[in-house]
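Let us work through a few exercises on one protein model. Take each task first, try it yourself, and then follow the solution step by step.

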Amino acid sequence: MPTELHPRSVLVSQRLSEAGIDAEIVVLPDAAATAAQAAAALGVEVGAIANSLVFWCDDAPLLVMTSGAHRVDTAALAQRLGTGRIRRATADQVLEATGQVIGGVAPTGHPAPIATIVDADLARFPQLWAAAGTAHTVFPLTFDELVRLTGGRVERVD
């Protein structure tokens, strides 16, 4: 593994390996803090970006892995899940829950497991791309690998 990887990305790489996912971390020349920026840098559809969004629900973090082409309808998602209100986590809550900063949150490598929802629409893409712990790093994986890696519940999020 290249030594120039940020420690957060090294941890993500280790978690991928532990999960049996053979994915190389790609270091982008420019930050890709949004799904549109990541898609442009990789030359893929924005919908193939597995965007990691952290919310707060029932006094706990909730990670939503959504297609970069979607906005999360928090009211509809809360109704589907049978939970209380879902609201966007603050930057401090994101860092505390994931150990990573907004714009680089990976689906793994967190200090503790986080309840995760995986956008059902991501299944239509043969290859997905997710952040690898920083805004400069990403990695490829399949929908099935994403669900397995996160232990996520597949739901519509829009």
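Some residue classes will be needed below: Ala, Val, Leu, Ile, Met, Phe, Trp, Tyr, Cys and Pro count as nonpolar, Asp, Glu, Lys and Arg as charged, and the others, Gly among them, as polar. This is a predicted model, where local features need pLDDT of at least 70 and side-chain atom pairs count only at pLDDT 80 or more, while totals for chains, interfaces and linings use all residues. Residues are numbered from 1 along each chain as its sequence is written, and side-chain values use heavy atoms, with hydrogens and water left out.

**Exercise 1. The whole chain**

Task: Describe the order of elements in the protein chain and compare its radius of gyration with that of a compact globule.

Solution.
Step 1. Helices (H or I, at least four residues) and strands (E, at least two) are DSSP runs, numbered from the N terminus. The protein chain has five helices and eight strands, in the order α-β-α-β-β-α-β-α-β-β-β-α-β from the N terminus on.
Step 2. The radius of gyration is taken over C-alpha atoms, and the globule rule is 2.2 Å times the number of residues to the power 0.38. For 158 residues the rule gives a value near 15 Å, so the 14 Å of the protein chain agrees with a compact globule.
Step 3. Contact means heavy atoms within 4.5 Å. Of the contacts in the protein chain between residues at least 6 apart in sequence, 63% join residues at least 24 apart.

**Exercise 2. Two pockets**

Task: Find out which residues lie nearest the centre of the largest pocket, and how the lining of the second largest pocket divides into classes.

Solution.
Step 1. On a 1 Å grid over the protein atoms alone, a pocket is an open set of points where a 1.4 Å probe fits, with protein on both sides within 12 Å along at least five of seven lines; lining residues have an atom within 4 Å of a point. Grid points are joined across faces, edges and corners, and a volume is the space filled by probe spheres set on the points.
Step 2. The largest pocket has a volume of about 320 Å³. Its lining has 22 residues, and A33, N51, S52, L53 and G103 lie nearest its centre.
Step 3. Helix 2 (35-42), strand 2 (49-57) and strand 6 (128-131) are the elements that give two or more residues to this lining. Strand 2 has the largest share, with six residues.
Step 4. By class, the lining of the largest pocket has 16 nonpolar residues, five polar and one charged.
Step 5. For the second largest pocket, the volume is about 160 Å³. It is lined by 13 residues, and T108, H110, A112, P113 and I114 are the closest to its centre. The lining divides into seven nonpolar, five polar and one charged.

**Exercise 3. Two residues of strand 2**

Task: Decide whether S52 is buried or exposed, and then look at N51.

Solution.
Step 1. Buried means under 20% relative accessible area, exposed over 50%, and partly exposed in between (1.4 Å probe, protein chains only).
Step 2. S52 is found in strand 2, and its relative accessible area is 11%, so S52 is buried.
Step 3. N51 is also found in strand 2; its relative accessible area is 22%, so N51 is partly exposed.
Step 4. A polar atom of the S52 side chain lies 2.8 Å from the backbone oxygen of V105. Beyond neighbours within four places in sequence, S52 is in contact with L63, V64, M65, V105, A106 and P107.
Step 5. N51 and P107 are 56 residues apart in sequence, and their C-alpha atoms are 8.8 Å apart in space.

**Exercise 4. Positive phi in a loop**

Task: Say where D59 lies and whether D59 is buried or exposed.

Solution.
Step 1. Most residues other than glycine have a negative phi.
Step 2. D59, which is not a glycine, has a positive phi of about 65 degrees. D58 is not a glycine either, and its phi is positive at about 50 degrees.
Step 3. D59 lies in the loop between strand 2 and strand 3, and D58 is found in that loop too.
Step 4. The relative accessibility of D59 is 71%, so D59 counts as exposed.

Key. A polar contact is a pair of N or O atoms within 3.5 Å; within protein, one must be able to donate a hydrogen and the other to accept it, and residues adjacent in sequence count only if both atoms are side-chain atoms.
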